[in-house]
Structures are given as C-alpha cells and as structure tokens.
Amino acid sequence: MNNLSEIDEKNIWHPFTSLESADTPILIASAKGVYLNTDDGRKIIDGVSSWWVNIHGHSNEVIAKAIAKQALELEHVIFAGFTHKPAINLSENLLGIFPSNQSKVFFSDNGSTAVEVGLKMAIQYWHNKGNPKTKIIAINGAYHGDTFGSMSVGERGLFTDPFAKHLFATSFIDFPKEGSEENSFEQFKTIADNGDIAAFIYEPLVQGASGMRIYSATILEKILSYAKSKKIICIADEVFTGFGRTGKIFASDHMETKPDIFCVSKGITGGVLPLGVTSCSDEILSAFKTADPAKTFFHGHSYTANPISCAAANASFELLMSQQCQESIARISNQHKAFAGRISKHLNVLSAKSLGTILSIEIKTNEETAYLNSKRKTIYKFFLNNNILLRPLGNVIYVLPPYVISSEELNLIYRSIEKFLDQ
Ligand SMILES: Cc1ncc(COP(=O)(O)O)c(C=O)c1O
C-alpha cells in the first residue's frame with residue numbers, strides 16, 4: 001500500500017462499500033479512451049463505463065477543451081433570475097432529441113435529483129390542479145436513486161431497509177418477465193383503475209441496477225397507453241438508458257407512447273461532469289403557468305445548470321450525434337447481439353441478452369440472493385486480474401463500454417468472459 005492509499009483508507013468513505021471488509025481501492029492515475037491507467041502502470045479496460053456514465057471515452061479532448069474554454073469565460077452563476085448561453089444551447093440540443101412532446105427542461109445535479117424533480121413535478125401537478133393525488137406505481141426491482149423520494153419508488157430491500165419507515169408507500173407491479181408480461185399488465189390495470197394514481201415511474205426497457213433486466217417494448221407500450229387513458233403521469237427514468245445505451249438515442253424511442261416527464265443524467269455530459277435534467281410536456285407545465293406563488297415549483301440546487309457542466313453536455317451532444325458515434329453504437333450493438341446468441345448456449349449460462357450497447361449474462365447459481373451473490377466477488381476479481389473492469393450485479397455479468405471501444409477490445413472482453421465460464 002502506498003502513501004496515497006493509506007490516506008485514502010484513513011480519510012475517505014467510498015460509495016456502496018463496506019468500511020470493514022472491502023479491498024483497497026485501486027489508485028487510478030489517469031485515463032484515456034477505454035483505459036484506466038493505474039498508479040503502478042496497469043491499463044484496465046473500463047467495461048462498465050465507470051458506473052454507466054462514460055460514452056465517448058475517458059479524457060476526451062473535445063469535451064476537455066469545451067470545459068477549459070467555458071471555465072475561463074463563466075464558471076457558474078445563480079440560475080434563478082439569471083441565465084447563460086451554455087444552458088440555453090443545451091436546452092435546444094436536448095429538446096431536439098427528447099420525445100417530441102417534451103417542452104421545457106429543468107436542471108439539477110445527478111440521476112437521483114433528476115428523478116426527485118420528476119416525482120415532485122408530478123405530485124405538484126395534481127396539487128396545483130386542485131385534484132391532489134400522491135400515489136405512484138413503480139416496477140418491482142426498480143432503482144431510481146438514493147434520495148428519499150427516489151428510494152421510495154425503488155425496490156425495497158438491502159439498500160433501503162434502514163430507511164423503510166421514512167419512505168412513502170408505492171404500488172409495485174411485477175417485473176414484466178418474458179412469458180408473464182400480461183400478468184404485470186393486469187396488476188397495473190387493477191391499481192390504475194382505482195383512479196387515484198398520480199404517476200407511473202419506470203426504467204424503459206431495462207432495469208439497470210437490479211441486474212440489467214431487459215423487458216419487452218410491446219408490454220411497456222401497452223402499460224403506457226393504459227396509463228395515459230387513466231390520466232396517469234408517465235415518468236420515464238432514462239438516467240441509465242439515455243444517450244445511445246439501448247441502440248437508439250433514448251429507450252423511449254423504441255415506443256410510440258411518449259412519457260409526460262423525462263429524466264436524464266449519467267451520459268449527458270459524456271460522463272465527465274455531474275448534471276441532471278428533467279423535462280416535461282405542455283400539459284404538466286399548464287398546472288404551473290400561473291402567477292399564484294403557491295403554485296410555483298419551489299425546487300433548485302446551488303449548482304443548477306452549472307455552465308461548465310452544460311458546456312461539457314453540449315460538446316458530448318455534438319459527438320453523440322456524429323455519424324462516427326452512431327456507427328460505433330450500431331457496431332457494438334451488433335457485436336453484443338452475436339455474442340449473446342453464442343454465449344447463451346454455454347453450460348454455465350442461464351440467459352444472455354443484449355439491448356443496444358448493453359450486454360447482460362446471467363450465470364447459473366444455486367444461491368437465491370441476487371446482489372450479494374457470492375459469485376460476485378469471484379467474477380469481479382477474475383476480470384480485474386485480466387485487466388478488465390466488469391462489476392457484476394450478483395450473478396449477472398454485464399458489459400456496457402464507452403462507445404469508442406474498438407471491435408478488438410470488445411472481442412478481448414468476450415474472450416475473457418468465455419475463459420471465465422469455461423473454468
Ligand atoms: C435508472 C437510474 N435512475 C437513477 C439513478 C441514480 O443516478 P445517480 O447515481 O446519478 O444519482 C441511477 C443510477 O444508477 C439509475 O440507474
């Protein structure tokens with residue numbers, strides 16, 4: 001252990017990490033493209049895009065230059081009563097690619113706050129309309145963040161148990177697993193028919209944290225259109241699925257029915273700086289368009305619409321929309337699909353699926369527990385020893401690389417997965 005690691009151990013509390021039994025964190029000195037360069041000279045492929053945020057590779061020059069330029073012009077300014085060009089340009093860029101019914105953007109800091117804002121917008125919509133409704137429907141296994149509101153609409157269990165009494169009640173429907181989709185729809189219908197539901201929040205097409213669980217666009221379409229018929233506000237949490245992850249710019253683009261509220265973060269700045277955005281439709285806005293101060297949306301954060309984050313997001317947007325990036329997304333999607341087809345037949349694989357740039361492989365296990373599955377540590381270590389960062393969710397190995405990964409680098413990851421499964 002070197003001096004920096006000792007100071008780290010003494011001073012720093014790392015996220016999702018035990019204070020007692022965790023391994024010493026790996027010291028990263030620099031990163032470029034898909035590689036994380038350790039202090040002691042290793043090059044590790046970032047197969048998980050550093051918690052699903054990085055899309056254009058690490059230390060991307062275009063984004064770095066945009067940040068440096070912005071930092072010398074305007075680093076930050078209060079966003080109530082003031083505005084600035086990077087935020088205005090970003091609003092144009094985002095509304096140009098968000099579902100076409102989205103009308104205004106609201107800035108915050110991260111995925112949890114983007115969701116928190118979405119939930120508050122939905123609940124206050126009904127309050128402002130003079131028809132207070134507070135009940136939310138969500139899907140079992142959901143993860144929407146770590147603030148109290150976002151925890152309340154997420155899976156109850158390991159992550160939320162200590163706070164259970166402080167979380168608001170949510171109605172959960174079963175995850176629409178292949179073969180039991182209609183059952184989930186019927187559950188949704190029964191709850192929706194009560195007529196007192198404010199909103200439905202969902203991770204479109206794939207639940208990330210619960211194990212990269214992919215589900216069908218057809219059933220989500222059916223649920224969304226039923227929700228619409230019951231005037232239930234649909235909140236799409238695209239924090240993970242946004243900006244190309246599922247093969248299209250947004251997972252919501254796989255469906256016809258559009259969400260009323262739309263939450264993004266993670267990939268928005270290319271994975272370089274924190275930023276959250278929540279947008280909504282004209283219908284949602286209509287409840288707030290009044291001079292009555294009691295109907296104002298009283299929400300904001302010190303760093304709302306930070307100009308440097310917005311500049312990074314604008315640079316990332318240009319890169320994302322380029323032909324080169326779109327071709328890379330298509331190439332990764334094709335490679336993943338072919339590999340998923342092949343590896344799903346492996347003796348030790350329960351199922352293998354892909355959706356765009358997301359590949360998810362569930363390994364056979366005798367254990368019930370998902371997240372704390374004992375295979376997790378073995379898998380993590382095996383790949384790290386091979387200089388590949390894959391951070392399994394329980395017994396699920398997933399690969400979601402920055403889009404700049406080459407075919408060869410992706411094949412190297414696949415070969416390593418095969419090696420792991422063969423042992
Ligand atoms: C779907 C989804 N929503 C919200 C969040 C929370 O985002 P953040 O970690 O930026 O607060 C995550 C994080 O993984 C997520 O996957």
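Colleague: How far does a polar side-chain atom of lysine 266 lie from an oxygen atom of the ligand?

Modeller: Happy to help, and do keep in mind that this is a predicted model. Lys266 is among the residues around the ligand. Its side chain places a polar atom within the 3.5 Å cut-off for a polar contact, and the distance to the ligand oxygen is 3.1 Å.

Colleague: How much of the ligand does the protein bury?

Modeller: Besides lysine 266, a nitrogen atom of the ligand has a polar side-chain atom of aspartate 237 at 2.6 Å. Serine 112 likewise has a side-chain N or O atom 2.6 Å from an oxygen atom of the ligand. On its own the ligand exposes 390 Å², and the share buried by the protein is 84%.

Colleague: How many residues in the shell around the ligand are charged?

Modeller: The shell includes Glu203, Asp237 and Lys266, along with residues such as Trp52, Asn110 and Phe240. Sorted by class, it has four nonpolar and five polar residues, and the number of charged ones is three.

Colleague: Turning to the helices, are α3 and α10 roughly parallel or antiparallel to each other?

Modeller: Helix α3 covers residues 61–73 and helix α10 residues 307–321, and their axes come within 8 Å. The crossing is right-handed. Its angle is roughly 150 degrees. Angles over 145 degrees count as roughly antiparallel, and α3 and α10 are therefore roughly antiparallel.

Terms used
Residues numbered from 1 in each chain as written. Predicted model: local features only at pLDDT ≥ 70, side-chain atom pairs only at ≥ 80, totals over all residues. Heavy atoms only, no water. Near = heavy atom within 4 Å. Polar contact = N/O pair within 3.5 Å; in protein donor to acceptor, adjacent residues only side chain to side chain. Areas by Shrake-Rupley, 256 points an atom, 1.4 Å probe, with all protein chains shown as cover. Nonpolar A, V, L, I, M, F, W, Y, C, P; charged D, E, K, R; others polar. Axes fitted to C-alpha atoms, helices over the stretch in contact; angles between N-to-C directions. Helix = DSSP H or I, 4+ residues; strand = E, 2+ residues; numbered from the N terminus. Parallel < 35°, antiparallel > 145°, perpendicular 65-115°, else oblique. Left-handed = near helix turned anticlockwise from the far one by under 90°.
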